[in-house]
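Me: I would love to go through this fold with you, one question at a time. Could you take a look at the model below?

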Amino acid sequence: KKNPARMSVTGRTGLKWKTGIRGRTKQRLWKPMQPIPRVYIGIGNPGDEFKDIRHNVGRDYINFFAEKMGLEWSTNEKLECQLTYFNDGKMLLVKPMRFMNMYGPCVAKLMNEMELSIADCVFVQDCIFTKFGTWRHQRGQGSSGHPAITSVKEYCGHSFWRFRIGVGVPPRYELLPKYITNPWTLREKQIVYGEVYDSITYHLLNSVLAETSHLPITAETLRKDPQLKYYKPYLMPIEGYW
């Protein structure tokens, strides 16, 4: 029997998309004993003029997460990136300062400088092959024509992770270039910020915090650490799980 959450559906343009994660669920992003990636890179073009357009949804999410967690960005001119650390330096958020079709050299430089593996990275991107209002996490596979993913694969390989945020599809395929470079409608923006971004943050924190000193979760630690409002007791790993 097929899982309805993973079935392909044909959209109005003839493109096939999949339904991903919607809302706060019990789904884990990584399997037991599987290393949790430490570097999260938001895909999008730099500049305020690109904020809140569909093609920049990955970069906008990284900004959203940093703001929610009270993080401050620092600019590294040598690496051509803006960086900030979360969870006592165990998690690195990155916003490349290049346009997305030139992400490959920028990410390669970051990996070499910090002696990291590309398998330790998660790219947050827009995806027309994921149903709007949902998102998927995936490792490897093709770039689906995305310029940033194509560039990164060329310079760094393909063993990285991706959070693919659904941005919807236009009425006709020939309108696709204009569609992904247009801003959200008011209703779409409410769904993206109020539901999709919240869902990603919820699942991400439940994964990242599960292997840190934040456990065990108690009423006292909940009051002291606002991050833990995303953490639910029923998602706490059993003894020896991690």
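Reply: Gladly! This is a predicted model, and a good place to begin is the pairing of E3 with E7, which run parallel and are joined by four bridges.

Me: Which residue of E7 stands opposite Gly42?
Reply: Gly42 lies in strand E3, and E3 runs parallel to E7. Across that pairing, the residue opposite Gly42 is Val124.

Me: What is the order of the strands in the open sheet?
Reply: Seven strands make up this sheet, and their pairing is mixed. E4 and E8 are the edge strands, each pairing on one side only. Neighbouring strands are turned by 25° against each other on average, direction ignored. Read across, the order is E4-E5-E6-E3-E7-E9-E8.

Me: What angle does the direction of H1 make with that of E6?
Reply: H1 packs on the sheet, where it touches E3, E5, E6, E7 and E9. Its direction and that of E6 make an angle of about 135°.

Me: And what angle does the direction of H5 make with that of E9?
Reply: Helix H5, residues 186-208, packs on the sheet as well and touches E3, E5, E6, E8 and E9. The angle between its direction and that of E9 is about 155°.

Me: Is Gly42 buried or exposed?
Reply: Let's look at its surroundings. Leaving aside neighbours within four places in sequence, Gly42 is in contact with several residues, among them Gly58, Arg59, Ile62 and Val94. Its relative accessible area is 0%, and buried means under 20%, so Gly42 is buried.

Me: How many Å apart are Gly42 and Asp126, C-alpha to C-alpha?
Reply: In sequence, these two residues are 84 residues apart. In space, the distance from C-alpha to C-alpha is 9.8 Å.

Me: Why is E8 largely enclosed by the rest of the structure, and which residue of E9 does Trp135 stand opposite?
Reply: Strand E8 covers residues 135-139, and it is largely enclosed because four of its five residues are buried. Five bridges join E8 to E9, residues 161-166, and the two strands run antiparallel. In E9, the residue opposite Trp135 is Ile165.

Me: In the hairpin of E4 and E5, which residue in the turn has a positive phi?
Reply: E4 and E5 run antiparallel and are joined by three bridges, with Ser74 having Leu83 as its bridge partner in E5. The hairpin has four residues between the strands. The turn residue with a positive phi, about 55°, is Glu80.

Me: Which residue takes a positive phi in the hairpin of E5 and E6?
Reply: E5 and E6 pair in the antiparallel sense over six bridges. Phe86 has Met91 as its bridge partner in E6. Four residues lie between the strands, and the one with a positive phi, near 60°, is Asn87.

Me: Is Asp52 buried or exposed?
Reply: Asp52 sits in the loop between strand E3 and helix H1. Its phi is near 65°, a positive value in a residue other than glycine. With a relative accessible area of 11%, where buried means under 20%, Asp52 is buried.

Me: And Glu115, is it buried or exposed?
Reply: Glu115 is in the loop between helix H2 and strand E7. Although it is not a glycine, it has a positive phi of about 55°. Its relative accessible area is 75%, and exposed means over 50%, so Glu115 is exposed.

Terms used
Residues numbered from 1 in each chain as written. Predicted model: local features only at pLDDT ≥ 70, side-chain atom pairs only at ≥ 80, totals over all residues. Heavy atoms only, no water. Pairing = 2+ DSSP bridges. Buried < 20%, exposed > 50% of the residue type's maximum accessible area, 1.4 Å probe, protein only. Contact = heavy atoms within 4.5 Å. Axes fitted to C-alpha atoms, helices over the stretch in contact; angles between N-to-C directions.
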